[in-house]
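Please find below some notes for a colleague who is opening this structure for the first time. They are meant to be read with the sequence and the model side by side.

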Amino acid sequence: MPIAERIKEQFIYFFTQYNTPYIGLNARAKKVLAVKLLFEFAMLFVLALEVNFLGLFGTSIPISKLKNPEFAIASEVYTADSVLIGKYYKENRSPVGFDKIDTTIIKALIATEDARFYNHFGIDPLASLAVIYYSAKGDNRGGSTITQQLVKNLFKTRKSGARGLLGRVPVIRTVIYKVKEIVTAIKIECLYSKNEIINMYLNTVDFGNNSFGIKVACRQYFNTSTDSLKIDQAATLVGMLKAPSNYNPLRKPQASLQRRNVVLGQMFKYNIIQERAYDSLIQLKLNISPKKIDNGNDDNGNYLRVAVSNYLRKWCKENNYDLYADGLKIYTTIDSRLQHHAEEAVQEHMRPLQRLFDQHWKNQIPWRDENDKEIPNFIEKLVKRTTAYQQLKKKFGTNADTIQALLMLPKRMKVFTYKGEKDTTFSSIDSLIYYIKFLNTGMMSFEPTTGYVKAWVGGINYKYFKYDHVKQMRRQAGSTFKPFAYLTAIDNGYSPCDKFVDKAVTINYVEDGEKKTWSPHNSDWVFTGREMTLRRAMGKSVNSVTAQVTEKLGWDKVKEYAQKCGITSELKAVPSICLGSNDVSVWEMVGAYGTFLNKGIHTEPMLVTRIYNSKGELIHEFLPETKKVLSEETAWLMLHMFRGGIEEPGGTSQALWAFDVFKNGNEIGGKTGTSSNHSDGWYMGITSQYITGVWVGASERSIHFRTSSLGEGARTALPIFAKYVEHCFNDPKCSFKPSKFPKPFTKITKKYNCPTPWERTDTLRTDSLSSVAGELPVLIDSLGTE
C-alpha cells in the first residue's frame with residue numbers, strides 16, 4: 001500500500017478511535033489516553049513530515065545525504081614551490097581533523113552551547129519543548145543542541161526548497177523547521193560519534209568575515225592554528241557563534257570582549273578553568289592578530305588567480321568539478337620568487353612613470369587624435385560603456401537629464417593611488433576621468449623548454465583595474481612583431497649577414513578589393529641610404545628594411561610564420577603586418593618568442609601542473625603541448641639576431657646597459673616595440689632560460705605620451721624587464737641566474753658572424769642611438785628608436 005494511503009488510514013483510525021466522550025473514564029484513564037493520543041499524534045506528524053505528505057511539509061534530508069554530507073570547501077592555489085597564492089570559494093572553508101583541534105575549543109564550545117552534549121541523543125528534551133512552545137507563540141529563542149545547529153548549518157534545512165505548503169505560514173513554518181531539525185539531529189546521532197559531530201560542527205560553522213570553519217577562523221583572527229589557540233582566543237571564537245556579525249572582534253571589539261567573558265564564565269562554571277585563571281583571563285584584551293585573508297579584491301596576486309580560474313574553466317566543466325566548492329589543491333607553474341620580483345619591478349617602474357606622465361600632460365586634456373587635437377565628446381562617449389551608465393539607462397530609460405544628473409552626483413569613495421587608497425569625493429564621471437589617465441601594464445615570464453609560466457602580473461592593482469593585460473588585453477605589437485618578418489627571411493634562404501639598403505619604399509597592394517599604397521617611414525624620419533645587414537636592421541629596428549623584406553617574401557608568408565610560432569589572434573595580411581599593426585596579447589607574444597629559445601619547438605604556455613582532490617589524491621596532471629615548427633638552425637639564428645639589439649650600432653635594447661643585468665657574463669637578447677602615437681610600449685626580453693614580455697600603455701589608445709623620448713617601449717616597458725632581472729640576480733635563492741646564450745643547436749650552414757663596425761658620428765639627436773660614437777656606451781642617454 002502506498003505511504004500516502006497508509007497515512008490517510010492512520011488519520012481516520014486516529015480520529016475515530018479517540019473522538020469519543022470521556023464519560024465513564026476516571027482521571028487516571030483520561031491522562032493515559034491523553035498521553036497516548038499525544039504520542040501517536042506526534043508519531044503520525046513526524047511520519048507525515050518525513051514523507052512530505054501532500055507536499056505540506058517540504059523535503060527532508062535523506063539518509064544517503066546524512067551518511068555522505070556535502071559542504072563547500074575552498075579550493076587552494078599554490079605556486080610550484082608550494083606557496084599559497086589564493087583561494088576560490090563560495091564559503092571560505094578549509095576542514096581540519098578532530099585530532100588537530102585543541103581540546104580547549106571543544107570544552108569552551110560545549111560549556112557555552114550545549115552543556116549536556118555528551119549525555120543526550122541529539123536533542124535536549126526539556127530545552128526542545130521550551131523552544132517549540134515559545135516558537136508557537138512567535139518568540140524565537142535559542143536552545144538548539146550542537147547537533148541541531150549542525151543540521152541547520154550543514155544541510156540548510158531552512159532554505160526555501162524545503163518549505164512545503166505549510167511552510168508559507170509564519171508560525172507553523174518555524175515549528176516545522178524545529179521538528180525537522182530535531183528528527184534529523186536524532187538520525188545524525190545514530191550515524192556518527194560525538195567527536196565526529198563536534199568535528200563536523202567546527203568545520204562548518206560561520207565565524208563571520210567569510211570565514212567558515214575553525215581552521216580559517218584561527219588564521220583570520222589570530223593568525224594561528226587550531227592546535228595552538230590560547231584559552232582567551234578559544235573563548236572569543238566560541239563567543240562569536242551566537243551571532244558572528246554582532247560579536248565580530250574586528251568590527252565590534254567591545255561586544256566581542258563582553259561575549260568572550262561570558263564564555264569564560266561558562267568555562268569556570270563547568271570547572272574547565274579555575275577561579276584564579278578566570279579572574280586573570282577576563283582582564284585580558286582581545287589580542288586580535290588578524291591575518292590578511294585572500295578575498296579576491298586586492299593585490300596583484302588576484303590577476304594570477306583569475307588567470308588560473310580561466311585556464312581551468314574548460315577542464316572543470318569536462319570533469320564535473322566545482323572550483324569554488326570541491327576543495328581542490330591546484331599547483332601552478334609559478335615560481336614564487338620570480339613572481340615577487342616581477343611584481344616588485346612593476347611597482348618600482350610604474351609609479352615614477354605615472355608621475356612623469358602626469359607631469360607631461362599637467363592640466364591638459366590627454367585624449368588626443370593622431371593630429372594631437374582633443375577628441376570631442378570623448379568622455380560622453382566613454383561613460384556610456386561603463387556599468388554605472390548601463391544600470392542607470394536600464395532604470396531611467398531615455399531620461400537623459402536624470403541619468404546625467406546622477407552621473408554628476410558627488411559621493412564619497414576610495415580611489416587608487418600609488419601611496420595607498422585615498423578617501424575623496426567624486427562623481428561617476430570624475431572617477432572615470434581620474435582612472436583613464438593611469439598607465440597600466442602586463443608582464444609574463446616563461447620557460448619555453450618546460451612550457452611553464454613563471455611569473456604573471458596582469459596590471460598595477462587588481463582591486464581597481466581588474467582587466468588583465470597579459471592574456472585578456474590585445475594591442476598593437478609594434479616593432480616586437482618585426483622578428484616574424486626576419487624569421488620568414490632566415491627560413492627562406494636569407495642569412496643574418498645579407499644586406500638591404502635603408503631607403504624609402506612604397507608598396508602597392510590590394511585589401512578587400514581596394515587598391516592601396518603603403519610608404520612607411522623610419523622612426524627618426526631619416527633614410528640613411530646605407531647598406532645594412534638583416535641583423536643590424538632588426539637590432540636597430542629599421543622600418544624601411546623590414547618593409548622590403550616583407551615585400552620580397554610576402555605579407556601572407558609573414559602571417560603564416562607568426563601563426564606557426566603561436567600567434568592565435570586574427571591577423572590581417574597586409575604589408576604593415578611586419579611593423580606590428582595587428583592586435584595581439586602578451587601571452588601570445590611570449591609563447592611565440594619561446595619557439596626560438598626551444599630549438600624551434602613551440603610549447604603552449606601552461607599555468608597549472610597538477611590538481612589534487614580534497615582527500616589529497618592526484619586527479620589530473622597537465623602536460624605541455626608541443627609542436628616542431630622551425631629547424632634548429634633557424635631557431636638559433638633568430639636568437640643570434642635578437643642579440644643584435646645589444647651588439648649592433650643603434651640597437652634598441654642598449655638601454656639595458658644602464659642596468660646591472662650583464663653581471664657574470666650574462667647575455668640578453670630582445671626587441672622593443674612602440675605602436676602608432678606611442679599608445680603601446682613593448683619589450684620582449686630573452687635570456688638563456690626565460691622569455692619575458694612586457695606591455696605598457698593606457699586603457700584608451702588615444703591617451704599616451706607625445707614624444708618618442710618618453711613614450712617608446714625602450715622607455716616605458718624595457719625598464720620593467722631590466723629591474724626584474726636585476727632583482728632576480730640579486731636574490732641568491734632565485735632560480736633565475738646569469739648565464740650565456742646557448743651554443744648552436746646544430747651545424748650552422750649560413751653566414752652569421754658579421755658584426756657592424758661602430759662608427760663615430762656627429763649629431764645632436766637625443767632620441768637615436770645612431771649618434772653613439774666609438775665603442776659600446778656605458779651610459780645610454782639616447783635610445784635607439786623603432
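The numbered points below take up the sheets, then the helices, and then a few single residues.

1. A word of caution comes before the rest: this is a predicted model, and the points that follow should be read as a description of that prediction.

2. One open sheet has five strands in the order E2-E1-E3-E15-E16, and its pairing is mixed. Strand E2 (84–88) and strand E16 (618–621) stand at the edges with a single partner strand each, so one side of each is left without a neighbour in the sheet. From one strand to the next, the twist averages 20°.

3. Within that sheet, strand E1 (residues 75–78) is a good place to begin, and both of its pairings can be followed in the model. E1 pairs with E2 in the antiparallel sense over four bridges, and Ser75 has Tyr88 as its bridge partner in E2. These two strands form a hairpin with five residues between them, and in the turn Ser82 has a positive phi of about 65°. With E3, by contrast, E1 runs parallel, and three bridges join the two; here the bridge partner of Glu76 is Lys329. As for the side chains of E1, Ser75 and Val77 point one way while Glu76 and Tyr78 point the other way, and all of them are buried.

4. Further across the sheet, strand E3 (residues 329–332) and strand E15 (residues 608–612) pair over four bridges in the antiparallel sense, with Arg610 of E15 as the bridge partner of Tyr331.

5. Another open sheet, also of five strands, has the order E7-E6-E20-E19-E18 and antiparallel pairing. Its edge strands are strand E7 (452–457) and strand E18 (669–674), each of which pairs on one side only. On average, neighbouring strands are turned by 10° against each other, with direction ignored. Which helix packs on this sheet? It is helix H23 (residues 586–597), which touches E6, E7, E18, strand E19 (680–686) and E20, and the direction of H23 makes about 155° with that of E20. Inside the sheet, eight bridges join strand E6 (residues 439–447) to strand E20 (residues 691–698), the two running antiparallel, and Asn440 stands opposite Gly697 in E20.

6. A hairpin is also formed by strand E10 (residues 507–511) and strand E11 (residues 514–518), which run antiparallel and are joined by five bridges. Tyr509 stands opposite Lys516 in E11. Two residues lie between the strands of this hairpin, and Asp512 in the turn has a positive phi of about 55°.

7. Turning to the helices, how do helix H4 (residues 103–113) and helix H8 (residues 194–204) pack? Their axes are 12 Å apart and form an angle of about 90°, which means that H4 is roughly perpendicular to H8. On the H4 side the contact is made by Ile105, Ile106, Leu109 and Ile110, and on the H8 side by Ile198, Tyr201 and Leu202. By class, this contact has seven nonpolar residues, no polar and no charged ones.

8. Helix H14 (residues 336–361) contains Ser336, and the reader may ask whether this residue is buried or exposed. Ser336 counts as buried because its relative accessibility is 18%, under the 20% limit used for that class. The side chain of Ser336 is joined to that of Asp81 by a polar contact of 2.4 Å. Leaving aside residues up to four places away in sequence, Ser336 touches Thr79, Asp81 and Val83.

9. His340 is found in helix H14 as well and is partly exposed, with a relative accessible area of 44%. His340 and Cys728 are 388 residues apart in sequence, yet their C-alpha atoms are 9.4 Å apart in space.

10. Two loop residues deserve a look at their backbone, since most residues other than glycine have a negative phi. Asn271, in the loop between helix H11 (253–269) and helix H12 (275–281), has a positive phi near 60°, and at 62% relative accessibility Asn271 counts as exposed. Asn377, in the loop between H14 and helix H15 (378–383), has a positive phi near 55°, and at 48% relative accessibility Asn377 counts as partly exposed.

Methods
Residues numbered from 1 in each chain as written. Predicted model: local features only at pLDDT ≥ 70, side-chain atom pairs only at ≥ 80, totals over all residues. Heavy atoms only, no water. Axes fitted to C-alpha atoms, helices over the stretch in contact; angles between N-to-C directions. Parallel < 35°, antiparallel > 145°, perpendicular 65-115°, else oblique. Contact = heavy atoms within 4.5 Å. Nonpolar A, V, L, I, M, F, W, Y, C, P; charged D, E, K, R; others polar. Buried < 20%, exposed > 50% of the residue type's maximum accessible area, 1.4 Å probe, protein only. Polar contact = N/O pair within 3.5 Å; in protein donor to acceptor, adjacent residues only side chain to side chain. Pairing = 2+ DSSP bridges.
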